[in-house]
Amino acid sequence: MTTLHFAQGLRELVGGVEVVLSDIWGVVHNGLESFPEACEALHTYRSRGGTVILITNAPRPADSVQRQLRKLGVADETYDAIVSSGDLTRLYVAEHPGSKMFWLGPERDNSIYRGLDATTAPLEEADYIVCTGLYDDETETAEDYRGMMLKARERKLTLVCANPDIVVERGDRLIYCAGAIAELYRELGGEVIFYGKPHRPIYERAMRLAGERQGHMIDRKKVLAIGDSVRTDLTGAREFGIDCLFVTRGIHAEEFEGLDQLDPNSVMELFGHPPKALMRELKW
């Protein structure tokens with residue numbers, strides 16, 4: 001199938017759908033402000049008996065993500081639960097007591113090890129690396145960390161990537177994320193463990209939470225993912241075996257200009273396997 005279906009609203013796609021697994025950044029907000037129509041769409045779906053689990057590659061625990069959502073005006077009633085790559089990374093840290101961690105990321109992400117028995121150390125003394133992002137994502141790129149990654153590879157350190165995103169939208173700009181450094185390290189021959197989309201663990205955790213709220217195991221045929229990234233959201237949904245609604249106004253906005261006029265070969269080049277449906281922005 002290479003044809004594209006453009007939906008007018010979420011209401012067209014949720015007949016028989018019990019669970020929506022929605023991305024946050026690019027779908028619900030852009031880092032600076034929330035998208036009221038998207039929030040209303042998810043709230044309306046919930047009011048009709050559906051369960052909404054927000055799944056995010058944010059390198060912070062769910063409670064930190066919730067605080068950010070509240071600041072941006074996203075009401076708690078918009079969703080049932082949040083699953084973050086930060087939660088999964090914290091589990092890794094908790095399972096390695098006594099090991100020394102080199103933390104690479106901005107100070108705002110320090111909740112990644114808050115409350116854990118984690119010992120931080122310089123790169124030269126660490127047993128593994130946790131990367132939550134760049135120290136200064138306003139001015140730096142992954143290339144600024146090539147020297148550091150070469151030293152890490154020499155020591156054969158495992159890098160735990162707490163945010164597989166390469167870039168994220170911040171207002172009208174694209175900002176580099178931890179995934180950019182992790183991909184560089186992998187290219188250099190380093191070992192990387194990724195937590196978050198498109199990798200399976202974040203979907204499995206979200207499905208467990210959804211099952212608890214629905215009171216039964218969830219059939220994947222009754223799940224709809226929503227996201228704005230081909231690399232993380234669309235690929236993750238496809239590999240997990242669930243349908244995906246793709247929002248085009250996010251990080252790929254420029255690439256998707258004139259999308260409705262693409263020929264089948266161009267569709268395949270952009271998406272590989274096309275999503276169930278597309279919308280410019282999420283609305284009911």
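**Exercise 1. The five-stranded sheet**

Task: In the open sheet of five strands, find the strand order and the sense of the pairing, then name the edge strands.

Solution.
Step 1. Reading across this open sheet, the five strands come in the order E5-E4-E6-E7-E10, and the pairing is parallel. The model is a predicted one.
Step 2. An edge strand pairs on one side only; here these are strand E5 (119-120) and strand E10 (191-194).
Step 3. Take the pair at the E10 end. Strand E7 (residues 158-161) runs parallel to E10, with four bridges between them. Threonine 158 has glutamate 191 in E10 as its bridge partner.
Step 4. Now add the helix. Helix H5 (residues 178-187) lies across strand E4 (100-104), strand E6 (128-131), E7 and E10. The direction of H5 is at about 150 degrees to E10.

**Exercise 2. Helix H4 against H5**

Task: At what angle do the axes of helix H4 and H5 cross, and which residues meet?

Solution.
Step 1. The axes of helix H4 (residues 146-154) and H5 come within 10 Å, and the crossing angle is roughly 50 degrees.
Step 2. Angles of 65 to 115 degrees count as roughly perpendicular and those under 35 as roughly parallel, so H4 is oblique to H5.
Step 3. The crossing of H4 and H5 is right-handed.
Step 4. On the H4 side the contact residues are Arg146, Met149, Ala152 and Arg153; they meet Ile181, Leu184 and Tyr185 of H5.
Step 5. Sorted by class, the contact of H4 with H5 has five nonpolar and two charged residues, and no polar ones.

**Exercise 3. A salt bridge in helix H2**

Task: With which residue does arginine 67 form a salt bridge, and how many residues apart are the two in helix H2?

Solution.
Step 1. The cut-off is 4 Å between a side-chain nitrogen of Lys or Arg and a carboxyl oxygen of Asp or Glu.
Step 2. Arginine 67 meets it with aspartate 63, where the closest N and O atoms are 3.9 Å apart.
Step 3. Both belong to helix H2 (residues 62-71); arginine 67 and aspartate 63 are four residues apart and therefore separated by about one helical turn.
Step 4. By this rule, the count of salt bridges comes to 13.

**Exercise 4. The six-stranded sheet and its helices**

Task: Give the order of the six strands in the open sheet, then place helices H3 and H6 on it.

Solution.
Step 1. The six strands of this open sheet follow the order E3-E2-E1-E11-E12-E13, with parallel pairing.
Step 2. Strand E3 (81-84) and strand E13 (277-279) are the edge strands, each pairing on one side only.
Step 3. On average, neighbouring strands of this sheet are turned by 25 degrees against each other, direction ignored.
Step 4. Strand E1 (residues 19-22) and strand E11 (residues 223-227) pair in the parallel sense through four bridges. There, valine 20 has leucine 224 of E11 as its bridge partner.
Step 5. H3 packs on the sheet and touches strand E2 (51-56) and E3, with its direction at about 55 degrees to that of E3. H6 lies across E1, E2, E3 and E11, at about 160 degrees to E2.

**Exercise 5. Two contacts of helix H6**

Task: Describe how H6 packs with helix H3 and how its axis crosses that of helix H7.

Solution.
Step 1. Helix H3 (residues 85-94) and helix H6 (residues 200-214) have axes 10 Å apart and pack at an angle of about 105 degrees. That angle makes H3 roughly perpendicular to H6.
Step 2. H3 contributes Ser85, Asp87, Leu88 and Leu91 to the contact, and H6 contributes Pro201, Ile202 and Arg205. The residues of this contact divide into four nonpolar, one polar and two charged.
Step 3. The axes of H6 and helix H7 (residues 230-240) come within 10 Å and cross at roughly 70 degrees. H6 and H7 are therefore roughly perpendicular to each other, and their crossing is right-handed.
Step 4. Arg200, Tyr203, Glu204 and Met207 of H6 meet Thr232, Asp233, Gly236, Ala237, Glu239 and Phe240 of H7. By class, the contact of H6 with H7 has four nonpolar, two polar and four charged residues.

**Exercise 6. The hairpin of E8 and E9**

Task: In which sense do strands E8 and E9 pair, parallel or antiparallel, and which residue of the hairpin takes a positive phi?

Solution.
Step 1. Strand E8 (residues 167-170) and strand E9 (residues 173-176) pair in the antiparallel sense over four bridges.
Step 2. Glutamate 169 stands opposite leucine 174 in E9.
Step 3. The hairpin has two residues between the strands, and glycine 171 takes a positive phi near 65 degrees.

Terms used
Residues are numbered from 1 along each chain as its sequence is written. This is a predicted model: local features need pLDDT of at least 70, side-chain atom pairs count only at pLDDT 80 or more; totals for chains, interfaces and linings use all residues. Side-chain values use heavy atoms; hydrogens and water are left out. Two strands pair if DSSP finds at least two bridges between them. Contact means heavy atoms within 4.5 Å. Axes are lines fitted to C-alpha atoms, for helices over the stretch in contact, and angles run from 0 to 180 degrees between N-to-C directions. Angles under 35 degrees count as roughly parallel, over 145 as roughly antiparallel, 65 to 115 as roughly perpendicular and the rest as oblique. A crossing is left-handed if the near helix is turned anticlockwise from the far one by less than a right angle, and right-handed if clockwise. Ala, Val, Leu, Ile, Met, Phe, Trp, Tyr, Cys and Pro count as nonpolar, Asp, Glu, Lys and Arg as charged, and the others, Gly among them, as polar.
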